[in-house]
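User: Please take me through this model in short questions and answers.

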Amino acid sequence: MPRRPPGALRAQTRYARGSQSRPFSQIRGLRRNAQAAVRRLEARRFEPGYLSRALGQYEEFLRQPGRWLYVPLPDCPCHDVLGARDEIEAMLPALLPRARCELGRIVAGLDTEFERRTLPDPYAARRPSSVRPDASGRPWWYRRLTGP
């Protein structure tokens, strides 16, 4: 029986453990260089898997059935889609330009779907600060109707 090279054995044991050996984000649709930029940024400034968790929450919210979606209330312990979108937005400017552009395309597609399936809140600018602090200065995703 032929002997297997040591590199093949190490690779087999490394990938057999699954996500424990590769905790960093693996984003579908990003090229290898952009994945590496995300991995470096997560290692330096964020925690491993930061972007994939945020994108996962955002995509999970958009996978819900129905024509219209309502953003959960800010004090709701369920999925925090607004917080997930904030985390994505915090990571975008810190990326290298080419990786930012690639990730921006993915996020733009999700944003289009979010904007299409949620309704604008006509009273968002007039909300008291106890419900949503400084609603007029917040990004556009905070100006969508919250759940019934």
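Analyst: One term first: a residue counts as buried when its relative accessible area is under 20%. Contact means heavy atoms within 4.5 Å. The model is predicted.

User: Which helices do the buried residues of α5 pack against?
Analyst: The buried residues of α5 are Ala-99, Glu-102, Leu-103, Val-107, Leu-110, Asp-111, Phe-114 and Arg-117. They pack against α2, α3 and α4.

User: How many helices and strands does the protein have?
Analyst: From the N terminus, the elements run α-α-α-α-α. The count is 5 helices and 0 strands.

User: What is the mean pLDDT of the protein, and which element has the highest?
Analyst: The mean pLDDT of the protein is 80, and 77% of residues reach 70 or more. Among the elements, helix α1 (residues 6-16) has the lowest mean, 60. The highest, 93, belongs to helix α5 (residues 97-117).

User: Where is the pLDDT below 50, and how many contacts does the model have there?
Analyst: One stretch is residues 14-21, with 2 contacts beyond near neighbours in sequence. Another is residues 129-135, where pLDDT stays under 50. For residues 129-135, the contacts beyond four places in sequence number 10.

User: What share of the contacts with a separation of 6 or more joins residues 24 or more positions apart?
Analyst: The protein has 148 residues, and 32% of them count as buried. Among contacts with a separation of 6 or more, the share from residues 24 or more positions apart is 67%.

User: Which helix gives the most residues to the largest nonpolar core?
Analyst: This core has 30 residues; Leu-51, Leu-55, Leu-103 and Phe-114 touch the most other members. At least two residues each come from α2 (32-44), α3 (50-62), α4 (81-91) and α5. The top contributor, with 7 residues, is α3.

User: Which residues does Leu-103 contact, leaving aside neighbours within four places in sequence?
Analyst: Leu-103 is one of the buried residues of α5. It is also among the core members that touch the most others. Its contacts beyond four places in sequence are Leu-30, Leu-51, Leu-55, Leu-92 and Leu-95.

User: Why do the buried residues of α2 line one face?
Analyst: The buried residues of α2 are Ala-34, Gln-35, Ala-37, Val-38, Leu-41 and Glu-42. Seen down the helix axis, they fall within a limited arc, so they line one face. An α-helix has 3.6 residues a turn, so residues three or four places apart point the same way. The arc of the buried residues of α2 is 160 degrees.

User: Which exposed residues sit on the face of α2 turned away from its buried side?
Analyst: The cover over the buried residues of α2 includes α3, α4 and α5. The face turned away from the buried side carries the exposed residues Arg-32, Asn-33, Ala-43 and Arg-44.

User: How far apart are the end C-alpha atoms of α2, and what span is expected?
Analyst: α2 has 13 residues, taken at 1.5 Å a residue. That gives an expected span of 18 Å, and the end C-alpha atoms agree, being apart by 18 Å.

User: Is Leu-41 buried or exposed, and what separates its C-alpha atom from that of Leu-95?
Analyst: Leu-41 lies in helix α2. Its relative accessible area is 9%, so Leu-41 is buried. Beyond four places in sequence, it contacts Phe-46, Met-91, Ala-94 and Leu-95. Leu-41 and Leu-95 are 54 residues apart along the chain, and their C-alpha atoms are separated by 7.0 Å.

User: How far apart in space are Val-71 and Thr-146, C-alpha to C-alpha?
Analyst: Val-71 is in the loop between α3 and α4. At 1% relative accessibility, it counts as buried. Its contacts beyond four places in sequence include Phe-61, Phe-114 and Thr-146. Val-71 and Thr-146 are 75 residues apart in sequence, and in space the C-alpha distance is 4.4 Å.

User: Is Arg-28 buried or exposed, and which residues does it contact beyond four places in sequence?
Analyst: Arg-28 is in the loop between α1 and α2. Its relative accessibility is 70%, so it counts as exposed. Leaving aside neighbours within four places in sequence, Arg-28 contacts Glu-59 and Ile-106.

Conventions
Residues numbered from 1 in each chain as written. Predicted model: local features only at pLDDT ≥ 70, side-chain atom pairs only at ≥ 80, totals over all residues. Heavy atoms only, no water. pLDDT = per-residue confidence, 0-100. Helix = DSSP H or I, 4+ residues; strand = E, 2+ residues; numbered from the N terminus. Buried < 20%, exposed > 50% of the residue type's maximum accessible area, 1.4 Å probe, protein only. Core = buried A, V, L, I, M, F, W, Y, C linked by side-chain atoms within 4.5 Å. Expected span 1.5 Å × (residues − 1). Arc of directions from axis to C-beta.
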